[in-house]
Amino acid sequence: MKALALVLLVLAAGGPASLPDVEDEVMCVECGTALNVSTSTVADQERAFIRRQIAQGKDKQEIKDALVDQFGPGVLAMPEEKGFSLAAYLVPIGLALLALAGLAVAARRWRRRPAEAEPAAEPLAPIENARLDAELAAYDRR
Amino acid sequence: MRFRASWAVILAAALLVGLLAYGVASRRADTSIDDAIAAGERVDAPTARLPVLGRGGTGSLADYRGKVVVLNFWASWCKPCTEELPLLEKTHRAISGRDALVLGANYQDVSDSALGFVRRFRLTYPSLRDKDGEFADRYGSRAFPETFVVDRRGRIAAQRRGPVDQAWLDRTLKPLLGETA
């Protein structure tokens, strides 16, 4: 029980970081790609820096803070929530809202269409009317 | 209803295209300094107050107004940058008695690694820490190393996007050192 509590405590505290865990959340500052796919010299330097931080026992957030301290906020893969970077959050939300609005409009039209599109039934000719009545009466007698 | 909906779609598409165009344009390197220098003009050198690498406190290019400044952008992981550090130190020692100096600007780098090269080559000139590269962006920086020579009035008189050599430094500095503020 104590061991489980300890594991939960470590997980709650963020736990020990690993290179792959941090690498996919930061950028190669020179190449502009995610660090985990970059092979440039500066990316190697960033990885070496992360390894040193891990060796010092820092958790993921502390390592990311240290990276920002060295390279500025641009090192983080998730853009900042200010300035032009805000567009990275607002545009998908805007597009999603637009898509929802489009769906709502389309659904309303779709529901209305049968009533509008159904042609008015032409009245039957007297002879056809009589024939229909006869056939229905024959059907009821069975 | 259909008329209003199509205008909304067109407006949304136009906004999206505009946003993409702005994003692309804002990431393109500024070439205004290159254009001015190519036209034989001098442009005001951008300045920024930044931490000084390994020395504490802050510094700015503006602090050296009245001096000729060889402003060198570098990083420790960039081999051509570290290869030219001894030449820049030699240049700094040669010109420092004539109201001139070399000023480094270190960016996209880990400060400990940069300091390792400062100690290894016994660099005596200061380097500013432009950690997020915003200062470098204002010089239209796009590669390492890059060097700008700033006259005594704070204007960029020459630039080199790539490693410097003795001949370029001699040719560039000689007339500028003779100028007065």
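**Exercise 1. How covered is strand β7 of chain B?**

Task: find how many residues of strand β7 (residues 146-150) of chain B are buried.

Solution. Start with the strand as a whole: β7(B) is mostly covered, with five of its five residues buried. Here a residue is buried if 20 or more other C-beta atoms lie within 10 Å of its own, exposed if 12 or fewer, and partly exposed in between, with C-beta atoms placed from the backbone. Strands (E, at least two residues) and helices (H or I, at least four) are DSSP runs, numbered from the N terminus. Next, look at directions: B:Glu146, B:Phe148 and B:Val150 point one way, B:Thr147 and B:Val149 point the other way, and all are buried.

A word on the model before you go on. This is a predicted model, in which local features need pLDDT of at least 70 and side-chain atom pairs count only at pLDDT 80 or more, while totals for chains, interfaces and linings use all residues. Residues are numbered from 1 along each chain as its sequence is written, and chains are lettered from A and ligands numbered from 1 in the order in which they are written.

**Exercise 2. Which strands pair with β7(B)?**

Task: place β7(B) in its sheet and name its bridge partners.

Solution. First, write down the order of the open six-stranded sheet, β1-β8-β7-β4-β5-β6 of chain B, which has mixed pairing. Two strands pair if DSSP finds at least two bridges between them. On one side, five bridges join β7(B) to β4(B), and the two run antiparallel; B:Phe73 has B:Glu146 as its partner in β7(B). Five bridges also join β7(B) to β8(B), again antiparallel, and B:Thr147 is partnered by B:Arg160 in β8(B). Now check the link: β7(B) and β8(B) form a hairpin with four residues between them, and B:Gly154 in the turn has a positive phi of about 80°. Finally, go to the ends: β1 (43-44) and β6 (127-129) of chain B are the edge strands, each pairing on one side only. Two bridges tie β1(B) to β8 (residues 155-161) in an antiparallel way, with B:Asp44 opposite B:Arg155.

**Exercise 3. What surrounds B:Val150?**

Task: place B:Val150 in the largest nonpolar core.

Solution. A nonpolar core is a set of buried Ala, Val, Leu, Ile, Met, Phe, Trp, Tyr and Cys residues joined through C-beta atoms within 7 Å. The largest has 54 residues, and B:Val69, B:Leu71, B:Leu103 and B:Val150 touch the most other members. Strand β4 (residues 68-74) of chain B gives the most to this core, with six residues. Then list neighbours: leaving out residues up to four places away in sequence, B:Val150 touches several residues, including B:Leu61, B:Val68 and B:Ile156. Touching, or contact, is when two C-beta atoms, placed from the backbone, lie within 7 Å.

**Exercise 4. Is B:Ala62 buried or exposed?**

Task: classify B:Ala62, which is in the loop between β3 (58-59) and β4 of chain B.

Solution. Count its neighbours: B:Ala62 is exposed because it has 12 C-beta neighbours inside 10 Å. Then compare positions: B:Ala62 and B:Arg153 are 91 residues apart along the chain, and their C-alpha atoms are separated by 9.9 Å.

**Exercise 5. How do the chains meet?**

Task: count the residues in contact between chains A and B.

Solution. Twelve residues of chain B are in contact with 16 residues of chain A. On the chain B side, α1 (2-27) and α4 (111-120) each supply at least two residues, and α1(B) gives the most, with four. For the partner, chain A has six helices and zero strands.
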